[in-house]
Amino acid sequence: MAISLPVRFRSDGVRVAVETDPLHAPLRDFLINDLGEDVSAIARAQGRLSGGPGGPWQELYRYHRLDFDGTIVHVRDVGGWASCDLDPAVLRQCLDEYLQEVGALKGRQSLERDLGQTRDGEPVATSLALGAVSQRTQGWGLIQTPRAVLEDLAGLTPHPDACLPHGVLGTGSGACWADLAVLDETGTRLRGGTKTFMPRGIDPERLIGELGNALTQARFLKGVPGAWSGVIAGVPVHGYVDPEAVLRLPCEPIEIGGVARRVKVFFPELADSGVDLETAASSASAFTDAVLGPRHVLTAFLMHDVQSHRHHLEVVRAARPGWEHTGNACHLRLDVQTVRLEHLWLPGHTCEIPTGEFAGVLYEYERLTAT
């Protein structure tokens with residue numbers, strides 16, 4: 001049964017407002033004046049109530065104190081002017097929702113700060129979908145923000161939950177990602193892109209450390225320069241290192257001094273497909289002779305952008321001339337007669353395929369990855 005809360009939260013994109021009746025004013029003032037928008041302070045208050053309040057206790061803040069008598073939490077003004085009584089479960093839910101609102105606000109502010117001035121006056125959604133921030137650093141570092149913030153930004157459509165990779169649903173661990181679509185006023189999908197995100201609870205410093213460890217056990221993929229696969233934070237991932245700076249590819253990463261500094265991007269792999277994606281992508285890319293340019297760009301697109309999920313195939317097949325998509329590895333431009341694939345992490349590596357042949361490659365890849 002849903003708990004009826006004595007407060008209501010509202011955000012205008014700049015701050016989180018707390019509204020309540022006069023009886024619960026001390027609770028509102030405690031949230032705003034003592035906890036504010038300090039995520040760690042809110043989390044600590046949550047921790048005091050998590051797993052049941054236990055025996056009697058007291059927590060003193062700057063303006064208020066919380067007294068628990070074994071049954072009820074009393075929120076008291078330290079000056080003795082006002083107080084209100086709350087069931088511990090109600091207060092815990094208030095803190096949960098307040099943290100969500102503050103987290104969403106911080107995420108939005110971080111997103112806008114990281115993007116800064118979007119190129120050529122494009123809106124944030126377009127800039128994201130076109131990969132305007134892709135050149136910053138590793139792919140997971142693009143954005144750290146709750147999915148609700150993505151939903152709130154006009155034109156962004158989070159990827160279906162069924163496509164989320166290992167270690168995300170219900171665990172709070174592992175890298176998270178979303179498929180972003182820029183829509184016009186008619187709702188037509190104009191451009192899209194796949195971006196990688198870190199869900200709440202993931203420490204960026206931990207990922208940096210685990211990246212170095214993962215590379216000592218990763219393997220380079222045959223036929224795609226600089227591409228490797230490994231496991232980070234328990235999540236199977238693929239990535240790229242600079243093949244120009246790391247001259248002895250392919251080889252075991254542990255043999256290359258300083259290879260972690262050459263990592264350009266890494267991104268999570270979809271849930272286990274049960275098939276060898278590398279072999280399937282290589283075989284499907286060889287399905288046609290009508291590839292102008294390096295064939296490994298097409299292989300990378302299949303293995304790293306389409307991966308093995310039907311949703312990806314449906315998105316690409318539904319595309320119409322003029323559509324562009326920035327994925328994990330390639331930028332796709334669809335024309336009436338040709339499909340152009342530009343590799344994001346291998347400068348100058350580009351190929352073109354007739355649209356009919358491209359459709360045939362997709363069907364062949366789907367056949368090879370069917371389980």
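This section describes the overall make-up of a predicted protein model and then selected side-chain arrangements within it.

The protein comprises 371 residues, of which 48% count as buried. Its secondary structure amounts to 10 helices and 16 strands. When contacts between residues at least 6 apart in sequence are considered, 55% of them join residues at least 24 apart. The exposed surface of the protein comes to about 17600 Å², and carbon and sulfur atoms supply 50% of that area.

Aromatic side chains were examined next. The count of aromatic pairs in the model comes to 4. One of these is formed by Trp57 and Phe68, whose ring centres lie 5.7 Å apart with 25 degrees between the planes, a stacked arrangement. Trp57 belongs to strand β3 (residues 57–60) and Phe68 to strand β4 (residues 64–68), so the pair ties together parts that are 11 residues apart in sequence. Both members of this pair, Trp57 and Phe68, are buried.

A further pair involves Phe301 and Phe358. The centres of these two rings are 5.8 Å apart and their planes stand at 45 degrees; the pair is therefore classed as tilted, since stacked pairs require planes under 30 degrees apart and edge-to-face pairs require over 60. Phe301 is located in helix α8 (residues 295–306), whereas Phe358 is located in helix α10 (residues 355–369). With their positions 57 residues apart in sequence, the pair links distant parts of the chain. Phe301 is buried, as is Phe358.

An aromatic ring also takes part in an arrangement with a charged group. The charged end of Arg317 is placed over the ring of Tyr363, at 3.8 Å from the ring centre.

The surroundings of one histidine were also examined. His74 is a residue of strand β5, which spans residues 73–77. The relative accessible area of His74 is 13%; because the limit for a buried residue is under 20%, His74 is classed as buried. The side chain of His74 makes a polar contact of 3.0 Å with the side chain of Asp69. Apart from neighbours within four places in sequence, the residues in contact with His74 are Arg65, Leu66, Asp67, Asp69, Cys84 and Asp85. Asp69 thus appears both in this set of contacts and as the partner of His74 in the side-chain polar contact.

Notes. Residues numbered from 1 in each chain as written. Predicted model: local features only at pLDDT ≥ 70, side-chain atom pairs only at ≥ 80, totals over all residues. Heavy atoms only, no water. Helix = DSSP H or I, 4+ residues; strand = E, 2+ residues; numbered from the N terminus. Buried < 20%, exposed > 50% of the residue type's maximum accessible area, 1.4 Å probe, protein only. Contact = heavy atoms within 4.5 Å. Areas by Shrake-Rupley, 256 points an atom, 1.4 Å probe, with all protein chains shown as cover. Phe/Tyr/Trp six-rings, centres within 6.5 Å; stacked < 30°, edge-to-face > 60°. Lys NZ or Arg CZ within 6 Å of the ring centre and 35° of its normal. Polar contact = N/O pair within 3.5 Å; in protein donor to acceptor, adjacent residues only side chain to side chain.
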